[in-house]
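Work through these exercises with the coordinates open. Each task is followed by a stepwise solution.

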Amino acid sequence: MERADIHAMLDSGLMASGTDGRSEDEEYLAGQQRSMLMSSGVIPKRRSSSRFIKRKKFDDELVESSLAKSTSRAKVPSGSSGIEPGRCSGSEPSSSEKKKVLKPVTTPVTPSPDPSPSLTKRIKKSKQPLQVTKDLGRWKPTDDLLLINAVLQTNDLAVVHLGVKFSCRFTQREIQERWYALLYDPVISKLACQAMRQLHPEAIAAIQSRVLFSKAEEKLLSVIGSTSQPTLDTFQELLTKHANVFYPSRTAKSLQVHWQLLKQYYLLEDQTVQPLPKGDQVLNFSDAEDMIDDSKLKDARDEALEHELTVADRRQKREIRQLEQELHKWQVLVDSITGMSSPDFDNQTLAVLRGRMVRYLMRSREITLGRATKDNQIDVDLSLEGPAWKISRKQGVIKLKNNGDFFIANEGRRPIYIDGRPVLPGSKWKLNNNSVVEIAGLRFVFLINQDLIALIKAEAAKINQQ
C-alpha cells in the first residue's frame, strides 16, 4: 500500500469521525491501526493527545449554544428531530453542539444507573454522624457520666446539686434540664452516649470513685461504732458481705474515709449531736466580747519573767559596750571622708588608699585587697567603694619592704592598672606616693606617710650598719 493511499484512508476516517460520532470500540481500533502504521515507519510519528482541547467560542457560536440549551430544556414532541429551525444556514455548528443536537429526544426516560464507587463514598461520608467532639455546651462527657451515676445513687437532684462537684458551677435548674434532656431528647442523649463511650478507662474510674454514697451505704457504715478502731480488713469484710448494696467501684479505703467523715460530723448510730446552748450561754463572739471585764484582764506579776527580761537587757548592753570598744579598730581599716581634704596621718598609719567614697588606712606592713564574703575575710573590702562584682575575692596584696618601698602584687583574674600601666595576674609593681590604682573601674590614690617611712628607713640603715 502506498503512502498517499494510506493518508487518504486516514483522512476519510477522520472526516467520518468528525461528522458522525464514533463509538469507543471504533476509536480504539483506529488508534491501534494508527500505532501499527507508525511502528512500521509508513506514517511519521507525531505528538498527539486524547484530551479534548477546549477552544474559545465565537459570538455566533455562543448565541447558538445558548439557543441549544434553551431548546433542550423545553418539551420536544416525539416526532421532532431536535434541530432548531431558526439556525442560520451559513454558520456551521461545533462538534459539541452537533452531539447535543443530533441526540434523539424520543427515547424514554430510563432509571438512573447505580452510582459510581466515588459517589457512594461521598454519600457515605455525608451520611456519617456528626463528630462526637462537637461543642455540647458547658456539659462535658465527664459531667454527664457523673450526673447519671449520682442520680442513680441518690434519686434526688437537690442532693446531686449540693454534693457533686462538676467541671462548671451549674445551678439546680441547669442540672434538672440536663437530666431531662438526657432522658427525653434523642439527639442530645445519642451524642452524650457516644462521647461517654470514648472516655478513657482511667477517666471513667476517677469519675466512679467520686460517686455519692447512697442512704443504704451510709446506713451500713454507721453500724460500725465510733469508739472502735476499724481497719481496712473490717471495711473489706463489710464490702464483701454487702456487695449488692455498695457501688461496684467502692474500695475498702474509700469506705474508711467516708466512715471517718461520718464520725467527724456525729452521724454514726452511737453518736448524738450536741444541742445548742440555751439561756445565758454565749452564742456568738460579739456577746462574749461584751461580757468581758477589762479589770480582770490584767495579768499578775511574774517575777521569773521580769528576772529573765532583766538578764537579757544586761546582755544586750554588754554587747553594745564591746562594739564601742572595738570601734577604733574598725576605723583603722575604713574611714569615711567628705570633700577633697587630705587625710591626717598618725603615728600608726603607713599609707592611705583613698577612693571617692571611703579611704583605707594601712597600719601593717602587708594588707590584702579584694571582695569580702562570708567565707573570705580580707583587710580592704573594695565593695564599700562601689560595684565590685568584677573584682576577685583576693585581688592583690600591698607590702612594705625594709627599704621603705611599697609593692603591689596582682593575685586576681583581672589586671590592676598603676598610673595607666597594667599589672597582669602574677606580676608585681612598685607604688609611689600619689600613684593612681585602678581595679575593675574603681580608682584609688595611694598616699604614703613620708615622715613615718623616713623613720623606718633610718632604723633599717642603723640595723644594717651594726
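**Exercise 1.** In helix 6, which residues are buried?

This is a predicted model: local features need pLDDT of at least 70, side-chain atom pairs count only at pLDDT 80 or more, and totals for chains, interfaces and linings use all residues. Residues are numbered from 1 along each chain as its sequence is written, and side-chain values use heavy atoms, leaving out hydrogens and water.

Step 1. Locate the element: helix 6 spans residues 141–154. Helices are DSSP runs (H or I, at least four residues), numbered from the N terminus.

Step 2. Apply the burial cut-off: under 20% relative accessible area, with a 1.4 Å probe and protein chains only.

Step 3. List the hits: D143, D144, L145, L146, L147, N149, A150, V151, Q153 and T154. That is ten of 14 residues, so helix 6 is mostly covered.

**Exercise 2.** Describe the surroundings of Q153 in helix 6.

Step 1. Q153 counts as buried because its relative accessibility is 17%.

Step 2. Find contacts (heavy atoms within 4.5 Å). Not counting residues up to four places away in sequence, Q153 touches V211, L212, F213, S214, E217, Y247 and R250.

Step 3. Check the side chain: it reaches the backbone oxygen of L212 at 3.3 Å.

**Exercise 3.** How do the axes of helix 6 and helix 9 cross?

Step 1. Fit lines to C-alpha atoms over the stretch in contact; angles run from 0 to 180 degrees between N-to-C directions.

Step 2. The axes come within 9 Å and cross at roughly 100°. Helix 6 is therefore roughly perpendicular to helix 9 (65 to 115 degrees).

Step 3. Name the partners: P141, D144, L145 and I148 in helix 6 meet A192, A195 and M196 in helix 9.

Key
Helix = DSSP H or I, 4+ residues; strand = E, 2+ residues; numbered from the N terminus. Expected span 1.5 Å × (residues − 1). Buried < 20%, exposed > 50% of the residue type's maximum accessible area, 1.4 Å probe, protein only. Polar contact = N/O pair within 3.5 Å; in protein donor to acceptor, adjacent residues only side chain to side chain. Parallel < 35°, antiparallel > 145°, perpendicular 65-115°, else oblique.
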